[in-house]
Protein chains: 2
Amino acid sequence: MTEEKAMAVGRPEPRFDAAAKVTGKEKYAADEYPENLLWAKARRAGIPHGRIVRVDTSRAKAFPGVVAVLTAADVPGTNRQGIIHKDQPVIAGDKVRHCGDAVALVVAETRSAAAQAAALIEADFEPLPAVFAPEEALQPDAPLVHDGGNTLLAADIRKGDPEKGFAGAAVVVEGEFSVPFQEHAFLETENGVARREADGRIVMTVSTQAPFRDRFEIAHALGLDVNSIRIISPFLGGAFGGKDGATVQCLLALAAMHAGGRPVKMWWDREESFLAGYKRHAVRMVYRLAADADGTLRALSAKLYYDTGAYAHLGGEVMELGMEHAAGPYRIPNALIEGWCVYTNHPVAGAMRGFGVCQVSFAFERMMDRLAAKLGMDPLDLRLKNALRPGDTNCAGVKMIYSTGMVPCLEAIKGHPLWTDRSRWKGGAGPFKQRGVGIAAVFNAMGYGRGLPDAAIARIELTPEGKIRVLNGVSDMGQGNASTFVQIAGDILRQDASRMELVQPDTDRTLPSGSSSASRTTYTYGNALIGACDELKRRLFHWAALALLIDETKDFKLEAGCVRHGPSGKSIPLELLARFMPEVERVCTNRCVMPVIQEVPDTGKAFRLGFPHAIFSYGAHVACVEVDELTGKADVLAYHAVTEGGGVINPRTFAQQVEGAVAQGLGYALMEDVQVRDGVIQNPDFFTYMIPTAMDVPDISTAIVPSDEPSGPFGMKGIGEVGVNAPLPAVAAAVEDAVGCSVDCAPLTAPCILGRRSESGKGEAL
Amino acid sequence: MTEEKAMAVGRPEPRFDAAAKVTGKEKYAADEYPENLLWAKARRAGIPHGRIVRVDTSRAKAFPGVVAVLTAADVPGTNRQGIIHKDQPVIAGDKVRHCGDAVALVVAETRSAAAQAAALIEADFEPLPAVFAPEEALQPDAPLVHDGGNTLLAADIRKGDPEKGFAGAAVVVEGEFSVPFQEHAFLETENGVARREADGRIVMTVSTQAPFRDRFEIAHALGLDVNSIRIISPFLGGAFGGKDGATVQCLLALAAMHAGGRPVKMWWDREESFLAGYKRHAVRMVYRLAADADGTLRALSAKLYYDTGAYAHLGGEVMELGMEHAAGPYRIPNALIEGWCVYTNHPVAGAMRGFGVCQVSFAFERMMDRLAAKLGMDPLDLRLKNALRPGDTNCAGVKMIYSTGMVPCLEAIKGHPLWTDRSRWKGGAGPFKQRGVGIAAVFNAMGYGRGLPDAAIARIELTPEGKIRVLNGVSDMGQGNASTFVQIAGDILRQDASRMELVQPDTDRTLPSGSSSASRTTYTYGNALIGACDELKRRLFHWAALALLIDETKDFKLEAGCVRHGPSGKSIPLELLARFMPEVERVCTNRCVMPVIQEVPDTGKAFRLGFPHAIFSYGAHVACVEVDELTGKADVLAYHAVTEGGGVINPRTFAQQVEGAVAQGLGYALMEDVQVRDGVIQNPDFFTYMIPTAMDVPDISTAIVPSDEPSGPFGMKGIGEVGVNAPLPAVAAAVEDAVGCSVDCAPLTAPCILGRRSESGKGEAL
């Protein structure tokens, strides 16, 4: 075994989980089928707003194979869940606020029996007037979704003197934009298996982004001791934010409490996932942007209306992040950004990759293009002129003291053939085709922001067999963070993959490391892990010195499977060391808390949590789109994404994240739209809600701007989200460029483009 | 509970163990009387050298209550023990080498039955010629104690050009000195209780200085797996080196293997402790010392003959340390120090406080006084002139780069009333009394020296109840190190004694921290502990941040029983934090390896282990002695000890260590002498072997030279041994000063002084 086979940071190591996943050996939560399994199924409201008059479970209880039918009366705790605002009932008791509210829960011997019994539950409602548009919900006489009012959060960010900024400007552009709900559309829908053990503990294997927080959610909702709950989170088949917060957890725990010690499985089918799962917020955005004649940005005004649906989830925080990014990655001295996050009787909106930033990126980048057009400037030059540089302050008043790579990203696009050759390429469109090229500059904050500890505790151990085991505390939803952790540990401890083991989150074995979200995962856990690996190395050297009777530890090094003392050449196998080291020495933990802004600007007084952020990643994308004049269908024929995300631990994983984000962003740009009519989702399946397939996604080329963020592990920053913000504005710009219409809503479906062309009077050819 | 009640380093905190010890609540190993106890008793050889012809155990086996009678044939492993040289049988099989060799082991229902049965064992020996004097044992035709020859170690330290140094010197003095065996004479004699558990593990509670090493001793001797042995070491009732290495351990483990799962106790009575326990080496020393006319030391020659008795124990290492100190704490450019550590048929000599340095301190300090007399110089000025200063090299060629406080110690004595007023005081002697004042300058190395890792692993934890528990890995033989560890942890973690817990060494719970020896204990474990406390603090702050939702850990602090966030004023009780922190987070460990000399001088080529040392503590003592002209009895009427030992963690414990060392040194100076005739100890009890009582010890005043050793915990160095080196030379100088005779052997008993006075022709008055 040679040194060169050890894993190395910076190399495109294969995914540690690749073989187990492609062979089916890796078990997702959905793959759990313990013996003697029961199934749980919720009965959903089916109406958007109504008072519960009666829930008759008698017929359901009598159904063969039914073990229990539970209602709100059976929930022993607060019956309220929610990450920050605990406003969502586990089982609705007094009223329902959206069609997906659970009103009862069936536990039965089979999945089919549970579903049939759920259908037999008779729920009578007194319908209440419903409200679906945020601006309507803000009216004084609007129906109240919650007694406390429909405003979850109203806040503003004020920087400089916006009024004065507008007054003195040479040019002002305006726009109104809207984006719809987006579905997470993960492969593995919400599911888990829970069992109440003989000692009363509830053990749950669940597809979740936040296993440690889940314990508190369940404990609070069901009146349990946090320590009586164990959550195990295997690899997730996708999540994107939709599994950040309770989905099946509280229902499953409740079911387990009535299952006589048997395991209970709950697995939402696709329709239930649409109905009861979380969505990306639909947002309406009203923008004004002022600049000098040379294109220097002077002032911004933005009004943002986030539709959070029936419950808060992380709505306030999503809007906060959107507001913090609402001015784009640009230097604007004066800004007033106003936001309203509003309850409606829509499905619940919450966290989703981009976390409120996707939406404003669309609006702001449209504004930049309009400004460029009005000034007759090159849109890329306008962006370069105003891009945030190190030392600038962003619209929240935060000074950019961490790595700030907007400019090099734009410069990389400026020199890229897709951009430099765009005229030639556009000229090559065939008959009934129109081509356009668009760009977008985006950024995305990392971490929770001020007000919440963005923390991780890494655990690594030498196993009794002498292997290195990484105990990952933060879910891997598919982005590859767990594999990256193994790579980091392998690099520091000089071991190859065959000598490494990986344990996925388990609240009994791994340690609280926050949620898998906010582009924070590898930064926070990775930083903690480096320290844990260094500590394990120190311990191994100490014990090797004891075993080999060597009086200093400085000249030891790790090699594959052993520790060697350089000067003497003596070595000891890790397996042997493991025999002598007690568990407290074989197990190392280390902690990291992400740095926060030290001097919080006075710009966003209404935010209690999550404002502002310190560290951002940057991206500039170029999209080459061909529109069919006859159908209106837009095809993205070429796409290039440049990303600045600090150091790169694994270029392959880095590229995968950018490619995946672009694919998801292209779905958002071109086809995804949760159509809700009177609170009822019209397209709750993949026959009617379309997401991109491999055939819809172009070859995406990616480039990395070399960079280093000293506070990050191996200089890295999180890049899981930044890439999802650019496709919509880039494609929109390309479509505008192609067909000459103005784009102000998404997705850019064929009918939409056809319609726009008609409106803009350019529909003659169609 | 207020901040000021927290323990603090530098304060004379009461011993943490004081109350439990004075109330009898604290249990020593000897206090262990588990139910269903058996007793083990060894049959000893009784002759100094002989071939074993026959060991007939039949009568013993038949004795009522006897469970087993074991001989060498029953020892399953190598049947050899020894810390470095494994030359000592657990039960002698072929021959016996000193009177204390075990030839059989009885396990019986009662202590009395075991003793009576042991007496019934018929052991027939073929006597072999014995050898008792090292210089005789070195003769070619001497009887062989071991087949490999009688020389355990012959070595020299050569620095500069000794021959040339002597050739050019203005003045040369010579001397021959001898010191006898000294008994450790601890209160609690060697003992332990062992039990073989159902799973085959042997669990032993034993009075030992080296619980972790004991496992290896037992495993090697008895052919067991190291991990199958658990050693628990409660507080010791004294040890002084005599419990460093196996005493009862292997015998007890063997007994436990034949006790059917019942616990077996072995507790040597005082006579067996004298017979089979380890002694301070008797040494003969031949010195020559050359100086310039102004007193500047030029050259030293020393020949040292260490009598290690029948087995090695740490004889070679004891002599090595003696040789390293053989030139005293002085700057001598040229030195040849030759040493022979020799097997004889005497009782086994081994480690004892001072570890070979006591003996040479006597010789060298006598030489300094003779040189001063010959030059007509003040003995203190002579010492000051030549004392090692920072940057000097000692006789081993080691440059003094650590704190080196010999000069300030001597200066403190120079200004002390006992020294400045000595003429007046001597003049005040009553009729038939003669008074003298003597000084001694001493030093003592800390740690194992090069070649062996001098390492400790501290463990500290937050208990599930929210207390701070220190798990001490290095035995407390009474010196107070365990209490000091609690004080360090209390200081760093800001807790008072009521919130602290202490666990004494237990190989299953605490971590390898080496032996309680070599003035290394607090330095090494203390350094490790500081890091462990700092780590626990970091963890507590992290978890407090998680619990209190605070986004940085920098502004937390510990207070009595809680963690508080300064800016917000929020706090969380340790008890509550403990509920959330899993064990891996509540338990912190940290390691320390004592620094070693980086450029090993080429002066002591024969030493493989333990040479040279890097860090020393220093002392200067003054003794005021009154000799009764009629009886020869010397009384120490006043005594002052100045010590430089770096920073002081607890001035009370510091003073106790110096006072205890002086008391033990005064015993060595005035009364202690293990008289061995033809290999048989003549005074194996406290009626005939006298140690100082409270009535024999003067009020000892102590002073501390303020100092700082940056590598030490809170700047400290070990001072457990340095004080024991000075009383003999100081008292000898005082006696010489009083009666005018020349003193070259110890102890200075009344008959000895009377004899010396007669020899020196000054006995008229007697």
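Which residue stands opposite B:Arg51 in strand 6 of chain B? In this predicted model, the residue opposite B:Arg51 is B:Lys95, and this pair is a convenient place to begin looking at the sheet around it.

Strand 2 of chain B, which covers residues 50-56, runs antiparallel to strand 6 of chain B, and two bridges join them. Both strands belong to an open sheet of three strands in chain B, where the order is 6-2-8 and the pairing is antiparallel. Strand 6 (95-96) and strand 8 (122-127) of chain B stand at the edges with a single partner strand each, so one side of each has no neighbour in the sheet. In general, the strands of a sheet pair through backbone hydrogen bonds, in either a parallel or an antiparallel manner.

From this sheet we can move along chain B to B:Val203, which is found in strand 13, a strand made of residues 202-206. Because its relative accessibility is 14%, and buried means under 20%, B:Val203 counts as buried. Leaving aside residues up to four places away in sequence, B:Val203 touches B:Val193, B:Ala194, B:Arg195, B:Glu197, B:Arg230 and B:Ile232. The C-alpha atom of B:Val203 is also separated by 8.5 Å from that of B:Ala253, although the two residues are 50 residues apart along the chain.

B:Ala253 leads us to helix 7 of chain B, where it is one of the buried residues, together with others including B:Gln249, B:Cys250 and B:Leu251. Eight of the eight residues of this helix (residues 249-256) are buried, so helix 7 of chain B is largely enclosed by the rest of the structure.

A pair of helices further along chain B shows how two such elements can pack. Helix 10 (residues 357-375) and helix 11 (residues 379-386) of chain B pack at an angle of about 110°, with their axes 9 Å apart, and they are therefore roughly perpendicular to each other. Their crossing is right-handed. On the side of helix 10 of chain B, the contact is made by B:Glu365, B:Met368, B:Asp369, B:Leu371, B:Ala372 and B:Leu375, while helix 11 of chain B contributes B:Pro379, B:Leu382, B:Arg383 and B:Asn386. Sorted by class, this contact has six nonpolar, one polar and three charged residues.

Finally, we turn to chain A, where A:His542 has its place in helix 16 (residues 521-548). With a relative accessibility of 3%, A:His542 counts as buried. Not counting residues up to four places away in sequence, A:His542 touches A:Thr553 and also residues of chain B, namely B:Ala455, B:Ala456, B:Ile457, B:Arg591, B:Cys592 and B:Val593.

How values were computed. Residues numbered from 1 in each chain as written. Chains lettered and ligands numbered in written order. Predicted model: local features only at pLDDT ≥ 70, side-chain atom pairs only at ≥ 80, totals over all residues. Heavy atoms only, no water. Axes fitted to C-alpha atoms, helices over the stretch in contact; angles between N-to-C directions. Helix = DSSP H or I, 4+ residues; strand = E, 2+ residues; numbered from the N terminus. Parallel < 35°, antiparallel > 145°, perpendicular 65-115°, else oblique. Left-handed = near helix turned anticlockwise from the far one by under 90°. Contact = heavy atoms within 4.5 Å. Nonpolar A, V, L, I, M, F, W, Y, C, P; charged D, E, K, R; others polar. Pairing = 2+ DSSP bridges. Buried < 20%, exposed > 50% of the residue type's maximum accessible area, 1.4 Å probe, protein only.
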